[in-house]
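Here is a set of short exercises, each with a worked solution. Keep the viewer open and try each task before reading on.

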Amino acid sequence: MPTAKHREKIVSLIQNNSVVVVEGATGSGKSTQIPQYILDYCMNQSIPCNIAVTQPRKISASSLARWISKERSWTLGGFVGYQLSLENVSTKETRLLYMTTGVLLQKIVSAKSLTEFTHIFIDEIILMSASINSKELADYFALPVHNGLNPVCIFKVEGRPFAVEEYYLDDLKDIFDFQLHRQSLGEPMIEQKMYQVAVSLIQSFDELEKRSNGWQVYPFHACATLEEQTKVFSATIPGYRKVILATNVAESSVTVPDVKYGRAGRVSKGYCYRLIYKDFWADCIPEKSEPEMLHCPLGATVLKLKKLDMGEPKALLATALSPPSAGDIERTILQLKELGALTTCVQTEENLHDGELTFLGMILTQLPVDLHLGKLIVLGHVFGCLEECLIIAAALSLRNFFAVPFKKHVDAYRKKMFFAGNCRSDCIAIVNAFRAWQACKEKGKLRNPKEELEWGKSNCVHINKIKEVVIAGAFYPNYCTFGKCREEIAMKDLAGKDPKTTVMLKNIPPYGYIYHKQLQSLLRQCGQVKSISYNGTRAFVEFSRNPKEVFKVLPEVYLAVKMSQLKIPFELHVHHPEDIRRQVQDAGAAGLEFLRVNVDCQKQTVEPVKILFGDLQMSKMIPSRFLSIRVTEVVEVGHFWGYRTDEKNTAVLRALSAEIDYQNLVDLAVPPCVDVLCLAPFTYLGKRGYYRAHVLYVRGALAEALEFKICKMCPSARSLVCGEPWSCSASQRFASLVSGCTLLVEVYSLLHGVLHVDVFRHSGHSGLVNIRDVLIRERHAELAEESHDSQQSHDLLKGLFLDEAKKEEQTPVSARQEEKHLIERLLKCFSEKKSDAPTHKVTIFGPFSPYQLKCYSLTKISQFRNVFIHKDSINSIVVHDGAEDPFQQLLVATDVSVTAAGSVILGETSLMPPIHGLLALLSMLFAPAIELRVDKSGKYFTGVLCGLGWSQTSGAPLFPANDMEVTFDVQFGLEDITEINSLRTAMNKLLCEQALVCGQEQVAQLQEDIRQKLLCLICKSKPRDIIDPTWYEKPYAWNQVDSQCITDEPEKQHEKGNFVYQLHKLVLLND
């Protein structure tokens, strides 16, 4: 390497100067060779040495240490090692330590000196500063002398290891016949033709070098899995081409030994093809990148400066080589106050752009993680769930806990949904996945991935809702919610079908139903398709639902919509409509182009659809509004299966039993599934017999188990907090109420084959008792409204019961038979085996769900911006399931970023439990300051403004960008605000220095006290009254409450200090 011939000179300069600037080309040996020169010199001279080498990226720090240990045949972690934020591969014997810049800063802050190391190499310093040359760097580190400043020494390593020839699109125009648009600065994008240029270019390399076996393609970026990153360094199979798809991570001291085209010239001569025009490179691409200090968060840096106690952060940062703007520093300090790391004390005359470190701030300076993740860990301790919060923080620091293998986004999304279970939270999915892995590893059961997943499903430790509250506290104010689903429109778009099981496709070609097998194949990776209904240019795909599972949107629906979000091509190979008509040669064929057709994928039938309205074709099952039933199986609270016990139905059951006893039964030839006729052996009271499995159909006699759901009921807050979504005690109580007795049900509606009912049982002297009323009285459930489509079904059924003679209009049987005959001819003519190959492709749009919800930010700065959830988040798709009582549900993001176009991107997200008022409660609990909104009469609270507060001097809001105006959807009173203050006081007891001297028992008691106060706040003995949200007439305006209505009582009850959570002011209401 070029540094080798200057070895002695470089060593001499470093030993005789406090600062030396070494300038050299990429691959000249700066990162690997010079530190070794110093190490060897010190060892030969018996001089103590401890060398630190910083790198801007984790992968470069670890790969350089591995490379040197291999080159010198040293054990990694011995003489040479590396240290990252959460990984330390070093020992007391380590003398050459590679680390990220952040690790070195942490060491400096902790020790308040640099004496731990004899030599510090700051590698790739150009990344941290803007458009500087070596002279500027030398002047910055100049040493004072009696008559001025003495610049530090600069040593230039001439030459580069190997030559690299550079080419541009201008040089390729005679080789490739592509018409490409001129590039321009703006939103980054790659047009499709540019991919073709890259592929053609690599193919030309293959022809030149006579390699024709194929390509080995490897992704190489910060979010790639460790396994994928390691593969980049593996040797290429003879005859194959290694193709690396890399981001700028490959520019940070990472050497892939056999690169010939691209980032070449390190180990051999190379070629660089820049797929842009030469003038664009010269005029638009900056010669040096923007300094890291100007685009990275300053929060951790400011906290470190505060701990060093060297002065005001604003003044100190102004002395940097490329100082950040004063506005960025001021904004950072406000964010740290909002986080609770710096004192607020916003009503005093102190400097608003400085503050003292709180106890939380002191802890955050010592944690090698993002500040919000550090707060997550601290709050995990406060609420008594430290272990889970440590798991979440560690995983989010890695950025790729859930691996997304190349082109496997749908599979990765399925796995994350599996681990999340009933919680729509990326963080809880992380904990569950880690628990499953940990348990399997301890028991030696990690034989294959399938066994690991199956074990995790049955043994995963339940994570209760306290963890979700902690997440909300750690990542305040990254709060969002969803717009309301307009059910009337969505129901019409989905043709009245069940949003929990159905997705919609558009742009279906003429005679689209003859390609139904292609459509099934495209959706196979999502799950089992039950049916496809064709209606004009639209198709509705219904997935199979397990009747024993709880009501929720199927994972298959999410996976199907995910395919659309990922822009996975949906193409059908089709015939031209004229060819189809010509082949059939029938006048009626033209009318079949967009015929309403239903494909039953399980029964493998294709038939024209009967013209029936909704579920009324099943009205034969409900001859009257009242039914007498017995329960056969409970799915969850309020959801069960049963059969009618009226005289007619009982006779059918007896006849069915006699038929079963008479028949010569044979084993089922296929695995049992929904709608398959089967009997199962069962022994009861010593008598063995065959019994029905869900639903039976015997030669025209119908004896069918019916599915029921109690109407106008949802889980109480207590049930939601203690279970998912029903608590164990609620489940046990419901089972005791409905089992072993005859029940009377009153039908409210019939929705997607499920009877929504009121359920009554006879209870001694009390007579008929409504089971819903019992569950509500015992705080297991709450009253709720039925969904729009259930209410519509109720109105239709009410009319049907009033007019039993009313007949439904149906398509004449003869017409349907003719249509069915023509469909069969089409399917026969254009089966894959008999017809010619399709002539062209049609792109299908979708899959969609009209019930998909759009996300909105709650902070003022983002209220009118487009908000998108990152595609890897479990909540990147949220589908409204048509459930009762739609209301604002809180979504918390662990990370928020803004694109060049101004759109907001949310990172890992957690959807909080569907509890009325929870959004407002958590906002008030974790906000630095609040101002309650009062109605015009002064009798009720209507909402709250949450934020950092306002300046008593200027009257202006302190941090308006992050203020949140929240409207109440339940009635809150003074007692609720008092309870919130009580909880904040309890939290402060574990967020102060005095907590460090508390014994383990005392800490445990404080944690239990906090948990109980939280549960009491969320789960009131009497549910808060639901109210219609009222938007405040002056949103985001502070100081709107008459000072005479504000009480100072909290300040008298709570001693002042550098507490994380100051107590909220109370606003007195009129009687």
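A residue is called buried when its relative accessible area is under 20%, exposed when it is over 50%, and partly exposed in between (1.4 Å probe, protein chains only). Helices (H or I, at least four residues) and strands (E, at least two) are DSSP runs, numbered from the N terminus. This is a predicted model, in which local features need pLDDT of at least 70 and side-chain atom pairs count only at pLDDT 80 or more, while totals for chains, interfaces and linings use all residues. Residues are numbered from 1 along each chain as its sequence is written, and side-chain values use heavy atoms, with hydrogens and water left out.

**Exercise 1. Describe strand S15 and the strands that pair with S15.**

Step 1: start with burial. Strand S15 covers residues 502–506, and 4 of its 5 residues are buried, so the strand is largely enclosed by the rest of the structure.

Step 2: look for partners. Two strands pair if DSSP finds at least two bridges between them. S15 is antiparallel to strand S17 (residues 538–543), with 4 bridges, and also antiparallel to strand S34 (residues 845–848), with 2 bridges.

Step 3: find Met504. Its bridge partner in S17 is Phe540, and its bridge partner in S34 is Phe848.

**Exercise 2. Place S15 in its sheet and find what packs there.**

Step 1: write the order. The open sheet has 6 strands, S20-S19-S16-S17-S15-S34, with antiparallel pairing. Its edge strands are strand S20 (605–608) and S34, each pairing on one side only.

Step 2: check the twist. On average, neighbouring strands of this sheet are turned by 15° against each other, direction ignored.

Step 3: inspect another pair. Strand S16 (residues 529–535) is joined to S17 by 6 bridges in the antiparallel sense, and Tyr534 has Ala539 as its bridge partner in S17.

Step 4: add the helix. Contact means heavy atoms within 4.5 Å. Axes are lines fitted to C-alpha atoms, for helices over the stretch in contact, and angles run from 0 to 180 degrees between N-to-C directions. Helix H21 (residues 555–565) packs on the sheet and touches S15, S17 and S34; its direction makes about 150° with that of S34.

**Exercise 3. Work out the strand order of the sheet that contains S2, and name its edges.**

Step 1: the order is S4-S3-S5-S2-S6, an open sheet of 5 strands with mixed pairing.

Step 2: strand S4 (88–89) and strand S6 (119–122) are the edges. Each has a single partner strand, so one side of each is left without a neighbour in the sheet.

Step 3: strand S2 (residues 51–55) and strand S5 (residues 96–100) run parallel, joined by 5 bridges. Val53 stands opposite Tyr98 in S5.

Step 4: helix H2 (residues 33–44) packs on this sheet, touching S2, S5 and S6, and its direction makes about 170° with that of S6. Helix H4 (residues 101–111) lies across S2, strand S3 (80–83), S5 and S6, at about 105° to S5.

**Exercise 4. How do helices H9 and H11 cross, and which residues meet?**

Step 1: the axes of H9 (residues 299–308) and H11 (residues 326–339) come within 9 Å and cross at roughly 80°. That makes H9 roughly perpendicular to H11 (the class for 65 to 115 degrees; under 35 is roughly parallel, over 145 roughly antiparallel, and the rest oblique).

Step 2: Gly299, Val302 and Leu303 of H9 meet Thr332, Ile333 and Leu336 of H11.

Step 3: focus on Val302. Val302 counts as buried, at 1% relative accessibility. Leaving aside neighbours within four places in sequence, Val302 is in contact with Pro313, Leu317, Thr332, Ile333 and Leu336. Val302 and Ile333 are 31 residues apart in sequence, with C-alpha atoms 7.6 Å apart.

**Exercise 5. Is Ala235 buried or exposed?**

Step 1: Ala235 is in the loop between helix H7 (226–231) and strand S12 (240–246).

Step 2: Ala235 has a relative accessible area of 69%, which makes this residue exposed.

Step 3: 8.0 Å separates the C-alpha atoms of Ala235 and Asp258, which are 23 residues apart along the chain.

**Exercise 6. Summarise the whole chain.**

Step 1: the chain has 32 helices and 45 strands.

Step 2: of its 1071 residues, 45% are buried.
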